Each structure stands twice: as structure tokens, then as C-alpha cells.
Amino acid sequence: MTALVLLDHEAGAIKQPSRSAVAAAQALGEVHALVVGAGVQAAAEAAAKLPGVAKVLVADAPEYAHALAEPVAALLVGLAPGYSHLLAAATAIGKNIMPRVAALLDAQPISDIAGVVDADTFVRPIYAGNALATVKSADAKKVITVRAASFDPVPAEGGTAIVEPAPAVASPSMSRFVSAELSKSERPELTAARVVISGGRGMQSGDNFKLLEPIADKLGAAVGASRAAVDAGFVPNDYQVGQTGKIVAPELYVAVGISGAIQHLAGMKDSKVIVAINKDEEAPIFQVADYGLVADLFVALPELAAELERG
Amino acid sequence: MKILVPVKRVVDFNVKVRVKSDGSGVDIAGVKMAMNPFDEISVEEAVRLKEKGIATEIVAISMGVPACAETIRTALAMGADRGILVETDAELQPLAVAKLMAAIAAKEQPQLIILGKQAIDDDMNATGQMLAALLGWPQGTFASRVLIEGDHITVTREVDGGLETIVLSLPAVITTDLRLNEPRYASLPNIMKARKKPIETVKPADLGVDVTPRLTVLKVVEPAKRQAGVKVKSVAELVAKLKTEAKVI
């Protein structure tokens with residue numbers, strides 16, 4: 001049995017959620033990795049260093065530059081005969097592409113797995129993580145996305161895989177990339193950060209998110225938000241932590257002005273240590289927090305920034 | 001153009017579901033049901049396209065038990081023109097739903113199909129992508145903005161680092177994300193009007209689709225509960241505990 005993992009990469013490095021997907025794939029057998037893009041030699045070399053990866057296939061062509069679903073899915077379907085399992089991290093790219101691959105292979109995708117029981121059987125959260133279902137697939141090929149927060153990523157270095165070009169597959173041409181507006185931030189990405197500090201509706205405005213910044217700077221944290229804060233227009237959707245946003249499991253999660261709706265908890269309750277700051281002592285967030293501070297965030301945040309500054 | 005909008009009947013998003021004690025699933029007996037929130041966004045987008053004179057007809061489709069007709073009625077009250085209910089007691093997984101939708105699309109010949117990106121019960125996030133694949137159409141998933149011009153649709157998508165804009169040739173499949181629009185509430189007169197709009201009922205067999213589930217649920221359990229921790233009295237105490245007790249800063 002051999003598993004093929006589609007890797008997300010950026011600036012020549014393999015993204016952490018994909019290293020978690022490799023970790024999940026290792027439970028299934030030999031692991032091959034697929035690097036897709038235009039000018040991705042550095043990423044292919046980085047993939048070859050991932051421990052546990054035996055072979056890296058590289059599809060380096062202009063039509064793959066933006067990881068559009070149609071050409072990448074066609075490529076994966078072309079490669080599928082050699083594999084029992086096709087996996088990707090449950091990132092925007094993996095969630096977009098893998099179900100398309102599954103349909104073309106007449107398979108029911110197994111989305112967002114949080115555990116591998118055996119080659120056919122997987123654990124996945126349903127109902128916003130309020131239940132965990134163990135499901136057994138009857139499909140000949142399993143098409144899987146992996147919840148990165150549930151698997152410790154393999155290290156970025158240590159392996160020595162062989163690198164080969166992927167066989168060419170005809171690309172359908174029905175979609176075209178126009179532009180990307182990516183949030184510019186010096187901070188770590190939400191799904192890879194060791195510390196995450198998130199604001200909720202209690203922040204009252206997008207401007208007030210600035211109160212989180214000195215703390216995030218001091219802790220090397222990513223800044224996130226609850227769906228309520230996104231819905232209210234305080235911050236863009238790519239800040240969203242929750243069932244319909246990003247799933248994170250950092251060492252430290254600080255929830256500020258977040259009540260703790262089910263849909264938010266679904267995105268962060270696997271964090272190692274949770275801190276909640278909220279003025280409502282009845283807020284459900286306190287039921288999952290290791291350390292709760294009942295306080296007005298507009299007083300507590302400057303204090304916290306000052307306290308951390310003191311070192 | 002004609003737009004198809006599938007709408008799923010799910011447990012209302014405010015309900016906290018309970019896992020059955022025998023581990024066979026979640027208990028949804030007597031629980032309040034509603035339209036999947038992302039599907040409300042799909043219906044709203046279709047109705048706005050009709051109000052702009054771009055869409056000519058909106059067909060709302062639901063699949064499952066007879067009560068799914070209520071979900072179609074909600075879509076009709078929001079502004080859809082007619083409904084199709086694919087009635088079955090069988091469990092429908094996304095692959096089966098995508099196949100049923102593809103069969104309906106073959107008959108209806110829409111230019112656009114708008115789906116919610118994810119249903120809040122199985123959280124699969126798959127049906128739209130699968131439907132696009134089966135039809136051989138392009139897909140614009142997690143859309144926060146759509147613009148139709150001639151035979152193309154420009155879709156701005158919510159991706160991990162921000163936004164991405166792509167252009168798809170029509171016909172196409174779109175899946176909706178949160179910020180695409182804010183769905184309207186159906187007015188009472190529109191709810192009354194919706195009662196008169198037609199709903200056609202078909203069976204999976206009429207559409208020639210085998211809906212046998214590919215995934216068998218072996219068991220469903222509650223996730224391990226987190227224990228509530230301690231309340232600290234001050235920021236200073238919090239920082240001290242994070243340093244010396246939790247050792248995370």
C-alpha cells in the first residue's frame with residue numbers, strides 16, 4: 001500500500017499542515033509526496049527532506065502555478081492508479097481539490113480526519129466537533145483530507161527521498177487565476193503558530209484588534225478571531241478560528257472577548273493551554289479554559305502587554 | 001440563466017447535539033431542524049442575481065425524508081421559483097448527493113449551481129467540488145464575491161492567507177462562504193406565496209442513481225471533555241501561572 005500526499009508549499013518550504021498530513025499517511029504504508037506548481041524546484045527539494053517520504057513527484061508547469069482545482073485534480077487522478085490512498089492537509093487547497101479528485105475516482109472523500117484506525121477506517125469530527133465518528137470506507141481508493149491539528153507534523157529535515165518528475169497529464173482549461181490579495185503579516189500563520197491570540201465580538205471594533213498586537217509581538221503569536229468578530233466585519237475571514245474557519249491547536253491559545261460558541265470551540269479546543277479573558281463570568285469559554293480571567297478586556301489587555309514587557 | 005440551489009435540512013445551528021448512548025450516532029429525534037446556514041447564503045445569492053436580471057429561474061432542490069419539502073418551502077419563500085424534492089429514507093452521502101444533482105442538472109440544463117461550502121452536520125465540505133467534477137464544470141469554492149459577465153463568472157474566494165480571484169467559464173459550480181451576503185428573512189406575504197409554488201417529487205431510482213453509502217459509521221463518541229481550569233484574579237497572576245505552572249511563555 002502506498003499513499004500519495006499533495007503538499008502545500010510556499011516560498012520553497014513545505015507548510016506545516018502538510019507535514020501533519022505526511023504524519024497521518026505514514027500510518028498507512030509507504031509515503032510518496034506530490035509537489036505541484038510553477039518553478040517549484042526548491043519546494044521539491046524541501047519535500048525530499050521530509051522524514052518518511054520515499055519519493056517526491058514534481059509537477060512543474062505554468063498551468064499549476066496557482067493550484068487551480070481543475071488541473072491539479074486531473075493530475076492526481078492521472079497518478080491515482082499507483083496509490084491506495086490520496087491525501088492532503090485540510091487547507092484551502094486540500095479542501096478545494098480533494099473532493100473533486102474523489103468524485104472523478106467514484107469515491108466518497110473522507111474529510112478532515114483526526115485519526116487513522118486502519119487502512120480503511122478513520123476518525124473524523126462531525127457536528128462542529130461535538131461528536132467523533134469512526135467511519136469505514138468501502139471505496140477501492142481512499143481520498144482523504146487531514147485535520148493538521150490532530151497529527152504532530154513530521155520534522156522539516158532528516159529525510160532523503162528521490163525526486164522524479166510527475167508524468168504529464170492533460171489539463172482542462174476552464175478556470176483562470178486573476179489575482180490574490182493575501183493578508184500581509186510578519187506574524188506566524190494561524191495553523192502553524194505556537195501561540196494564538198484571538199479576539200471576539202467583545203473587541204467591539206476592528207481598530208481595537210490593535211490592542212492584541214503588542215501581546216502577539218511579545219509572544220510570537222498569530223492573531224485570530226471568532227466568527228462573530230468576522231461577521232461583524234472587524235477582521236477578514238482568514239482570521240477565523242472555528243468550525244467554518246481554521247482549526248488550530250497551539251501550545252497556548254488566548255481567547256479575548258470571545259464567549260465560546262460551539263462553532264468557535266470546534267476550532268481551538270485541542271490547544272494545549274487555553275486562556276480566556278472575558279468580562280462575563282458565565283461565558284462558556286471558561287468551561288474549556290485552563291486559566292480564566294474575568295475582566296474588562298480594555299483594561300486587561302494593556303496590563304497584559306505591560307506585564308509581558310516587564311519580562 | 002437558470003440557477004439550481006441545493007438546500008440541506010440539518011439540525012438547527014443553535015442546537016447542541018447529543019451523542020446516543022449506544023454510540024450509533026447523534027440523537028436528532030425531536031430536535032429543531034433548519035436550512036443549512038451556508039445554503040441560505042446560496043439561496044440569497046441566487047435571488048440577488050434574479051433581482052439584478054441575471055438569473056431568470058431559481059430551482060431549489062432538497063434530498064431526503066419528506067420533511068425536506070419544508071426546507072424547499074423556506075427557499076421558495078426567500079425567492080426561489082420552484083422546487084424538486086428527491087425523496088428517500090436512505091442515508092445520502094455527498095457522493096450520492098452529487099450524483100443526484102448531476103442527474104438533475106442534465107435535465108434542467110442550468111448555467112450555474114450554487115451550494116453552501118459545507119453542511120453543519122457532517123462537516124464534509126465536498127458536495128460542490130464533487131458535483132463540478134461529475135459535470136466536468138469548473139468550480140469556485142468558498143466564494144465571498146461573484147460577478148457574472150457574459151459567459152464567464154469571476155469568483156473571489158476565501159483562502160488560507162486572504163482572498164483569491166479566479167475566472168470560470170459558465171456553466172460552473174459555486175460554493176458559498178460566510179461573507180458572500182447576509183441572507184434575508186422571508187416576509188409573511190412571501191411565505192404565503194411560497195405555498196403556491198410547485199414542488200416536484202422524484203426518487204433516486206427515477207434519476208438512475210445508486211445512493212448506497214460508501215462510508216459505514218462504526219461508532220460515534222463524544223470527544224474527550226476539557227476540564228475547566230482555574231480563575232485567576234489578576235493579569236499578574238495569569239502571567240505568573242503561564243510562566244511557572246503551564247510553562248508556555
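A residue counts as buried here if 20 or more other C-beta atoms lie within 10 Å of its own, the C-beta atoms being placed from the backbone. By that criterion, and bearing in mind that this is a predicted model, the buried residues of helix 2 of chain A, which spans residues 41-48, are A:Ala43, A:Ala44, A:Ala46, A:Ala47 and A:Ala48. The cover over these buried residues includes strand 2 (9-10), strand 3 (13-14), strand 4 (30-37), strand 5 (53-60) and strand 12 (162-165) of chain A.

**Helix pairs within each chain**

In chain A, helix 3 (residues 69-79) packs against helix 4 (residues 92-104), and in chain B, helix 2 (residues 68-78) packs against helix 5 (residues 188-196); the table sets out the geometry of both pairs.

| Helix pair | Angle | Distance between axes |
|---|---|---|
| Helix 3 and helix 4 of chain A | about 50 degrees | 9 Å |
| Helix 2 and helix 5 of chain B | about 120 degrees | 8 Å |

With an angle of about 50 degrees between them, helix 3 of chain A is therefore oblique to helix 4 of chain A. The crossing in which helix 3 of chain A passes helix 4 of chain A is right-handed. On the side of helix 3 of chain A, the residues that meet the partner are A:Ala69, A:Val72, A:Ala73, A:Leu76 and A:Val77, and helix 4 of chain A answers with A:Asn96, A:Ile97, A:Arg100, A:Val101 and A:Leu104. Sorted by class, this contact has eight nonpolar residues, one polar residue and one charged residue.

In chain B, the angle of about 120 degrees means that helix 2 and helix 5 of chain B are likewise oblique to each other, and their crossing is right-handed. Here B:Arg73, B:Leu76 and B:Ala77 of helix 2 of chain B meet B:Asn190, B:Ile191 and B:Ala194 of helix 5 of chain B, a contact whose residues divide into four nonpolar, one polar and one charged.

**The contact between the chains**

Where chains A and B touch, 73 residues come from chain A and 66 residues from chain B. On the side of chain B, the elements that give two or more residues are helix 3 (94-108), helix 4 (127-135), strand 9 (139-149), strand 10 (152-159), strand 11 (162-169), strand 14 (215-221), strand 15 (230-232) and helix 6 (235-244) of chain B. Of these, strand 11 of chain B gives the most, with eight residues, and the residues of this side as a whole divide into 37 nonpolar, 14 polar and 15 charged.

Strand pairing also runs from one chain to the other, for strand 10 of chain A (residues 131-137) and strand 14 of chain B pair in the antiparallel sense over six bridges. Within strand 14 of chain B, B:Thr216 is the residue that stands opposite A:Lys136.

**A sheet with strands from both chains**

An open sheet of six strands, with parallel pairing, has the order 15(A)-14(A)-16(A)-17(A)-18(A)-15(B). Its edge strands are strand 15 (222-225) of chain A and strand 15 of chain B, each of which pairs on one side only. Neighbouring strands of the sheet are turned against each other by 20 degrees on average, with direction ignored. Within the sheet, strand 17 (residues 273-278) and strand 18 (residues 291-294) of chain A pair in the parallel sense over four bridges, with A:Ala276 opposite A:Gly292 of strand 18 of chain A. Helix 6 of chain B packs on this sheet, touching strand 17 and strand 18 of chain A together with strand 15 of chain B, and the direction of helix 6 of chain B makes about 170 degrees with that of strand 18 of chain A.

Conventions
Residues numbered from 1 in each chain as written. Chains lettered and ligands numbered in written order. Predicted model: local features only at pLDDT ≥ 70, side-chain atom pairs only at ≥ 80, totals over all residues. Contact = placed C-beta atoms within 7 Å. Nonpolar A, V, L, I, M, F, W, Y, C, P; charged D, E, K, R; others polar. Pairing = 2+ DSSP bridges. Axes fitted to C-alpha atoms, helices over the stretch in contact; angles between N-to-C directions. Parallel < 35°, antiparallel > 145°, perpendicular 65-115°, else oblique. Left-handed = near helix turned anticlockwise from the far one by under 90°. Buried ≥ 20, exposed ≤ 12 C-beta atoms within 10 Å, placed from the backbone.
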